[in-house]
Amino acid sequence: MRKKTILILNVFLLLSMLSIPVRAEGQSTGRVQQTQTPVVIVLDPGHGGKNDGTTENGFLEKSMTMVTALAAYEELQKYEGIEVYLTHTEDEDMSLKERAEFAASVNADFLFSIHYNASENHELFGSEVWISCAPPYHAYGYQFGWLQMKQMEEMGLSLRGIKTRQNNDKEDYYGVIRECVALEVPAVIIEHCHVDEPRDTVFLSSDEDLKAFGVADATSIARYFGLKSTILGVDYSTGVDYPAILPEEKNRLAFRDETAPDICIIEKQAIDTDDLTVTLDVSAADYDSMLLYYDYSLDGGLTYSTRQLWPDCNIYDGSYRDSFPLTLEIPEGTVNPSIVIRAYNNFDLFLESNTVKVEQVFSSARENSADQAISVLSEASDISSESLQTVTFTPDSQATDTASSKALKLKNFLGICVIIVIVLLIIVLTSQFIAMHQKSKRRRRKLADKRRERYDDKPNRNI
Ligand SMILES: [Zn+2]
């Protein structure tokens, strides 16, 4: 009896082990979410009515999201086995709770909230998907977000990743996700790109562009649900690469990293005054999440460049280059640039590097290189303030040469004059001295002659 129970337990254990999908990093699994047939999805054009959304740069988000959502709706009609709804089709006010309630009322498998983005300082660019932090919605959102990122990447956009944001109660920060999850409807926010950054606005030049985003959204939705379309001649029921759920050590990629990057160090490599460039070696790391952008300052941190994508950053696996050479073009006329780099993680938290001071005038080599006769490059570093390097440049300007040779000639002429005057003075003084000496000699001789004469005239008294 006991043996039988153990055997049954072992068989049960073996079977349950086999049924657990193995989710190693980089390995793809199937879709985690089980769905009904037909799949019911709700498209939610973000904002509407009094809620304009972003109005930066002359854009009106609520109109843009409607164009994109309607295009996605139309595209999804071409697929079989799907039922599609829109939360609204008119420019009207609708609360986030009402949107979630609508999705629940149609028994939706998923709500996709469609948005365009803008950042406070107009410095961010790229596409992102916000997902729920709560299981199992987190895994559903992550797998969809991954497919959506692939779609945006194919369109040529930079990627900001698949992320969660929580409020103080550790619930989802974004209302539409929170309200949907409360009603057990999986939901994500698609932030296609930014209306206030030139690297993104090139994708927003016409209504056709906004519609293209809608078609891309529809494609990733169709891929996520494994749909078929006879009209389009596509079948996503097989061959879709669903991502493995993030392993625990990479959780910070999706779960908000609350801390800034851990390391950011810069070292000087080379200065080129002909090309007006400074080359640095940049090293940085974020142990919790990943590095996404950097920017640089030439004035010791007062003003910064636009953000640049961190080399080889990969939002899918969180990898990035931990060090790379960076050649900065220094604007002509810059005097003694003080270089600082900021490394940003994928939650926009940054760490400032040490300062590299370049005591150098960056003016055109052909015009003014005589000013650059001697340059000193010093590195003021939090880590090491000892390194000091001197770089000497040879002046080669003809203009400054003639000016300095004129000055030299004048100097030489004055020098010669002074020498002549001194020599003349010496000659005059010497001749006067000789003349005086001869005069007194003659006088003494005369006196001696007179005395001798007087002596010769007197009789010798002793004789
Ligand atoms: Zn929005």
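**Charged surface patches and the zinc site**

Lys439, Lys441, Arg442, Arg443, Arg444, Arg445 and Lys446 together form a positive patch on the surface, a patch being built from residues with over 30% relative accessible area and no salt bridge, with like charges joined within 9 Å. The structure is a predicted model, in which local features need pLDDT of at least 70 and side-chain atom pairs count only at pLDDT 80 or more, whereas totals for chains, interfaces and linings use all residues. Residues are numbered from 1 along each chain as its sequence is written, and side-chain values use heavy atoms, with hydrogens and water left out. A salt bridge denotes a side-chain nitrogen of Lys or Arg within 4 Å of a carboxyl oxygen of Asp or Glu.

Within the positive patch, Lys441 belongs to helix α9 (residues 398-457), helices being DSSP runs of H or I of at least four residues and strands E runs of at least two. Lys441 has a relative accessible area of 45% and is therefore partly exposed, the class between buried (under 20%) and exposed (over 50%), evaluated with a 1.4 Å probe and protein chains only.

A patch of negative charge on the surface gathers Glu90, Glu92, Glu98 and Glu101. Of these, Glu92 is found in the loop between β2 (82-86) and α3 (96-105), and Glu92 counts as partly exposed because its relative accessibility is 35%.

The zinc ion is coordinated at 2.1 to 2.2 Å by His47 (NE2), Glu61 (OE) and His115 (ND1), donors being N, O and S atoms within 2.8 Å of the metal (3.2 Å for Na, K and Ca). His47 lies in the loop between β1 (39-45) and α2 (61-76) while Glu61 lies in helix α2, so the pair ties together parts 14 residues apart in sequence. Both His47 and Glu61 are buried.

How values were computed: Patches are made of residues with over 30% relative accessible area and no salt bridge: like charges are joined within 9 Å, nonpolar side chains (Val, Leu, Ile, Met, Phe, Trp, Tyr) within 5 Å. Accessible areas come from the Shrake-Rupley method with a 1.4 Å probe; for residues, only the protein chains shown count as cover. Lys and Arg count as positive and Asp and Glu as negative; His and the chain ends are not counted. The place of a charge is taken as NZ of Lys, CZ of Arg, CG of Asp or CD of Glu.
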